[in-house]
Amino acid sequence: MKHTNSIEIALPREGVAQLLSDPAHFPKWLRGLVLHEPLSGTHGQLGTTSRVVMQSGQREIELTETITRREPADLRGIPEGIVVHFHREIVGAGMRSVVRDRLTEADPETTLWESESEYRFSGLLMRLVGLLMPSSFRKQSQQHMQDFKEFAEQGKDVRDGQD
């Protein structure tokens, strides 16, 4: 199953890339995040593997995330016209996903964030979830992007009692 989401953020691309890659900010916009800790490598760098724990209702879901592409490696002084790429592979019980994020300049003060997600399911339960509720994965991705936009533009924190 594949889907693509996009959103415009009223900040320059370099600022968006720096906020998006800073683990100190993850809990402010990533709903349900309990833990995001590197197991090997340096947080956010190419090849780094991290343990991620998410809360979903009464359940905790543990995932392993591996950064498979980060270009440019240095997010300061990004030349004009360069597309920023963040790719990661996420593996959990009965699920494997690949996420390819691209940040481009819509104009000097606006960033277009496009995120392509591809899911593969194993096990009967996760295959059923993928078949019966495919739109829930797209909606969750769009919610994360909207939450990031509100954090980046307005400083809103999802932990402050928002839905």
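**Notes on the sheet and the salt bridges**

1. Let's start with one side chain: Glu62 counts as partly exposed, at 46% relative accessibility. Here "buried" means under 20% relative accessible area, "exposed" means over 50%, and "partly exposed" is in between (1.4 Å probe, protein chains only).

2. Before you go on, keep in mind that this is a predicted model, where local features need pLDDT of at least 70, side-chain atom pairs count only at pLDDT 80 or more, and totals for chains, interfaces and linings use all residues. Residues are numbered from 1 along each chain as its sequence is written, and side-chain values use heavy atoms, with hydrogens and water left out.

3. What does Glu62 pair with? It forms a salt bridge with Arg51, with 2.9 Å between the closest N and O atoms. Glu62 sits in strand β4 and Arg51 in strand β3 (residues 49-56), 11 residues apart, so the pair links distant parts of the chain (strands are DSSP runs of E, at least two residues; helices are runs of H or I, at least four; both are numbered from the N terminus). Arg51 is partly exposed too, at 26%. A salt bridge here is a side-chain nitrogen of Lys or Arg within 4 Å of a carboxyl oxygen of Asp or Glu, and by this rule the count is 15.

4. Now the sheet. It is open, has 7 strands and runs in the order β1-β7-β6-β5-β4-β3-β2, with antiparallel pairing (two strands pair if DSSP finds at least two bridges between them). At the edges, β1 (2-9) and β2 (33-40) each pair on one side only. On average, neighbouring strands are turned by 25° against each other, direction ignored (axes are lines fitted to C-alpha atoms, for helices over the stretch in contact; angles run from 0 to 180 degrees between N-to-C directions).

5. Zoom in on β6 (residues 95-107) and β7 (residues 110-121): they run antiparallel and are joined by 12 bridges. For example, Ser97 has Tyr119 in β7 as its bridge partner. Helix α1 (residues 13-21) packs on the sheet and touches β1, β4 (59-71), β5 (84-92), β6 and β7 (contact: heavy atoms within 4.5 Å). The direction of α1 makes about 155° with that of β6.

6. Arg100 and Glu118 also meet in a salt bridge (3.7 Å, N to O). That pair links Arg100 in β6 with Glu118 in β7, 18 residues apart. Arg100 is partly exposed at 24%, while Glu118 is buried at 15%. Both belong to a salt-bridge network with Glu116 and Arg120.
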